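Trainee: Could you take me through one part of this protein slowly? I'd like a close look at the sheet, strand by strand, and at whatever packs on it.

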Amino acid sequence: MTANAAAQRREHTVNAVRVLDAPRERVFAAWTRAEHLAHWFGPRGFEIHSCEADPRPGGLFRLCMRAPGGQEYWVRGSFREVAPPARVVIHCFADDALGVQRLEEVITVSLADEGGKTRLTLHATAGGTGPEAAGMLRGMEQGWSETLDRLRERSRAIN
């Protein structure tokens, strides 16, 4: 691979919709409170061992996902927009334990009431350079699908 090819920025966007059996306020809390994020954020088999959230524009969003094989993926960033209970926008970077950036992502979550349930619409656009970013981008569809399925399973327990 040439240096130019390794430095080429790649992007991928995921759009997903889920209907969750929980009111909007509860789903909003799942996205904005560290004690909830730690129980569902990440694909199946991943665990969150560190999580911080300050849900206000410019507030901290940081967590560490540990893969089943033990590799750690840090997600560091901030809340861009917080409009309870309807919308959250998070700007974050995925990096390793040493802080080497692998991917940049903007996650937009919109929540609509559906008769006591919540229609969640996710729009996530990520980009990065190099072979590690390319691999992460290829896994985005599955990763977000599993993450949202974990949220759906967990949403009834959130208060």
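Mentor: Here is a walk along the sheet, followed by the helices that lie on it and the pocket.

A word on trust before we start. What you have is a predicted model. Its average pLDDT is 90, and 92% of the residues score at least 70. Confidence bottoms out in helix 1 (residues 3-7), where the mean is 53, while helix 2 (residues 24-32) has the highest value, 97. Where pLDDT is low, the predicted coordinates shouldn't be read in detail, and helix 1 is the place with the lowest confidence here.

Now the sheet. It's an open one made of seven strands, in the order 1-7-6-5-4-3-2, with antiparallel pairing. Strand 1 (9-20) and strand 2 (47-53) are the edges, each with a partner on one side only. Ignoring direction, neighbouring strands are turned against each other by 15° on average.

Let's start at the strand 2 edge and work inwards. Strand 2 pairs with strand 3 (residues 60-66) through six bridges, in the antiparallel sense. Two of the residue pairs are handy for finding your way: Cys51 has Leu63 as its bridge partner, and Glu52 has Arg62. These two strands make a hairpin with six residues between them, and in that turn Gly58 has a positive phi of about 90°.

Stay with Leu63 for a moment, as it takes you across to the next strand. Leu63 is the partner of Cys51 in strand 2, and it also stands opposite Val75 in strand 4. Strand 3 and strand 4 are antiparallel too, held in register by seven bridges. Their hairpin has five residues between the strands, and Gly70 there takes a positive phi near 100°.

Going on from strand 4 (72-83) to strand 5 (87-95), look at the loop between them, which is where Pro85 lies. The peptide bond joining Pro84 and Pro85 is cis, with omega at about -15°.

Strand 5 then runs antiparallel to strand 6 (101-114), and nine bridges join the two. Val89 faces Thr108 of strand 6 in this pairing. On to strand 7: strand 6 pairs with it over eleven bridges, again antiparallel, and Ile107 has Ala124 as its partner there. The hairpin of strand 6 and strand 7 has two residues between the strands, with Gly115 at a positive phi near 60°. So three of the hairpin glycines to click on are Gly58, Gly70 and Gly115.

What packs on all this? Helix 4 (residues 130-138) lies across strands 1, 4, 5, 6 and 7, and runs at about 160° to strand 7 (117-129). Helix 5 (140-154) lies across strand 1, strand 6 and strand 7, at about 25° to strand 1.

That brings us to the largest pocket, with about 540 Å³ of space in it. Its lining counts 23 residues, and those nearest the centre are Pro43, Met65, Met136, Gly139 and Gly143. Helix 5 gives the largest share of the lining, six residues. Strand 4, strand 5 and strand 6 each supply at least two residues as well, so you'll meet parts of the sheet again in the pocket lining. By class, the lining is made up of 15 nonpolar, five polar and three charged residues.

Definitions and conventions. Residues are numbered from 1 along each chain as its sequence is written. This is a predicted model: local features need pLDDT of at least 70, side-chain atom pairs count only at pLDDT 80 or more; totals for chains, interfaces and linings use all residues. Side-chain values use heavy atoms; hydrogens and water are left out. pLDDT is the predictor's confidence in each residue, from 0 to 100. Helices (H or I, at least four residues) and strands (E, at least two) are DSSP runs, numbered from the N terminus. On a 1 Å grid over the protein atoms alone, a cavity is a set of points where a 1.4 Å probe fits but cannot get out, and a pocket is an open set with protein on both sides within 12 Å along at least five of seven lines; lining residues have an atom within 4 Å of a point. Grid points are joined across faces, edges and corners, and a volume is the space filled by probe spheres set on the points. Ala, Val, Leu, Ile, Met, Phe, Trp, Tyr, Cys and Pro count as nonpolar, Asp, Glu, Lys and Arg as charged, and the others, Gly among them, as polar. Two strands pair if DSSP finds at least two bridges between them. Axes are lines fitted to C-alpha atoms, for helices over the stretch in contact, and angles run from 0 to 180 degrees between N-to-C directions. Contact means heavy atoms within 4.5 Å.
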